[in-house]
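Work through the exercises below with the model open. Try each task before reading its solution.

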Amino acid sequence: MTTRALPRRHGVRLTALGFGAAQGGNLYRATSDDEFAAAVDAAWAAGIRYFDTAPHYGLGLSERRLGAALRSRPRDEYVVSTKVGRLLVPSPETAHRRDTEGFDVPADHRRVWDFSRDGVLRSLEASLERTGLDRVDVVYLHDPDEHWEQAATEAVPALVQLRDEGVIGAIGAGMNQSAMLARFVAETDVDVMMCAGRYTLLEQGALADLLPAAQARGVGVVIAGVYNSGLLARDRPPADAVYNYEQAPPELIARARQIADVCEAHGVTLPQAALAYVRQHPAVVSTVVGLRDVAQVTETLRRSAADVPNELWPALRAAGLLGT
């Protein structure tokens, strides 16, 4: 599988397709240790060498599972990214309940926002303990939407110091919006941004801010949420399709179906086109797709390998279904 170096950190190379490990934290439903380990094995066999996780995913379960699945593999052959900004604090008083933020795990910890220097260092130390790895290659600030001041003035400098000391390889932020990511690019010393859902076949808001800023500053962009939480994940979007982790409104389902019609007329499926579209931009260094089991890995690889004709994009633009 092809890899691309981060423009400002040539020692960090990401495979074109990355393994998103949120499902390893039991996102939406339970996944067994064996299922997840088999998914990592299948991804590795296919050449995927970039794996993304976070403490938020299953209250640490994703990090533990990913670390276990990778621990016996040559450390210099893969890249792991995790995130800081949510500390996991033991919560024995709620351990009998289930997590309320989308993960099928016991609520034995609670998430506490903390973008302070101390919070960043504590979070990273805890991530290393959970994964059992000797280092993390990329560290993102995780969803600092309501915490710009502390994230920019405390968290970023802390990560810059760790990067400059060689403790981590690259730093950035991961968010479900593009405007603040563009602000991080313009105002702080970051290397790579993870943009979820704002640069897809359905919507291209990042074309107005993040992507040109990243290209101008030599910052890499990792695209996540390429299916907009599920709306673009099937050949024909169903009536109960999910968008931004909620029920998709009827007008967006109708638009996605129109896009699917044009894709079908050009001999490709909606998910195949969704993956191909985001890879075209020169600032994009990798696309991370959430993977739960071997079947999802196999299907994602098949979709990623599809030959999508160049004529599809002008056809979508002519139909008013794709921005310029």
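**Exercise 1. Place arginine 98 and find its polar partner.**

Step 1. Arginine 98 sits in the loop that links β6 (86–90) and β7 (109–113). Strands are DSSP runs of E, at least two residues, and helices runs of H or I, at least four, numbered from the N terminus.

Step 2. Its relative accessibility is 45%, so arginine 98 is partly exposed (buried is under 20% relative accessible area, exposed over 50%, partly exposed in between; 1.4 Å probe, protein chains only).

Step 3. Leaving aside neighbours within four places in sequence, arginine 98 contacts Asp104, Val105, Pro106 and Ala107 (heavy atoms within 4.5 Å).

Step 4. The side chains of arginine 98 and aspartate 104 form a polar contact at 2.7 Å (N or O atoms within 3.5 Å, one able to donate a hydrogen and the other to accept it; residues adjacent in sequence count only if both atoms are side-chain atoms).

The model is predicted: local features need pLDDT of at least 70, side-chain atom pairs pLDDT 80 or more, while totals for chains, interfaces and linings use all residues. Numbering starts from 1 along each chain as its sequence is written, and side-chain values use heavy atoms, without hydrogens and water.

**Exercise 2. Characterise histidine 281.**

Step 1. Find it in the loop between α8 (270–278) and β14 (284–290).

Step 2. Histidine 281 has a relative accessible area of 12%, so this residue is buried.

Step 3. Its side chain reaches the backbone nitrogen of alanine 283 at 3.0 Å.

Step 4. Beyond four places in sequence, the contacts of histidine 281 include Arg4, Tyr199 and Gln215.
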